[in-house]
Amino acid sequence: MLTASLDGDTGRKIMSFVKTSLLGDKRCILIVTHELDKLHETLDGWLVKRGSPRQSRKALVITDEHVARNHAAVVMHSLNAAEWKCRITSIPAGENSKSLEVISSLYDQLVDFQADRHTFIIAVGGGVVGDAAGFAAAT
């Protein structure tokens, strides 16, 4: 199921939720645009609705070198300002990052970060970043 929210001033889509259920395990994928500086508000609101504990405020931000400096930095600033425990990791840009070597490095980052099933994996970037982050999250 896909739901979307619109910015009342501009009519731009700012957020979409994709709910999945794979093998009985329910997951929610949040797609946000034009609101990266307020991402912590969106995630905190989502956690409150789910009744999740405050210690669930932990995230690994996955990006690539093309968007790390601008967009991913904004996300990190938003999360850090709201006292989220977060870490950023960058993968090489391009299709070559769809590899077991890159996914393995993401697993290593998650282990080192002591990620658990409540840790958010946030992809900041395009298709390859989303594919790699989604694959790591799903496996």
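This report describes three loop residues in a predicted model.

Arginine 57 sits in the loop that joins α1 (39-50) to β4 (58-64). Its relative accessibility is 9%, and buried means under 20%, so arginine 57 counts as buried. The side chain of arginine 57 makes a polar contact, at 2.9 Å, with the side chain of aspartate 44. When neighbours within four places in sequence are left aside, arginine 57 is in contact with Asp44, Leu47, Ala82, Glu83, Trp84 and Lys85. Aspartate 44 thus appears both in the polar contact and in the list of contacts.

One residue on that list, glutamate 83, lies in the loop between α2 (68-81) and β5 (85-91). Most residues other than glycine have a negative phi. Glutamate 83 is not a glycine, yet its phi is positive, at about 65°. Glutamate 83 has a relative accessible area of 62%; exposed means over 50%, and glutamate 83 is therefore exposed.

Glutamine 114 belongs to the loop between α3 (100-112) and β6 (120-124). Glutamine 114 also has a positive phi, near 60°, and is a residue other than glycine. With 61% relative accessibility, glutamine 114 counts as exposed.

The table sets out the two residues with positive phi.

| Residue | Phi | Loop | Relative accessibility |
|---|---|---|---|
| Glutamate 83 | about 65° | between α2 (68-81) and β5 (85-91) | 62%, exposed |
| Glutamine 114 | near 60° | between α3 (100-112) and β6 (120-124) | 61%, exposed |

Technical notes: Residues numbered from 1 in each chain as written. Predicted model: local features only at pLDDT ≥ 70, side-chain atom pairs only at ≥ 80, totals over all residues. Heavy atoms only, no water. Helix = DSSP H or I, 4+ residues; strand = E, 2+ residues; numbered from the N terminus. Buried < 20%, exposed > 50% of the residue type's maximum accessible area, 1.4 Å probe, protein only. Polar contact = N/O pair within 3.5 Å; in protein donor to acceptor, adjacent residues only side chain to side chain. Contact = heavy atoms within 4.5 Å.
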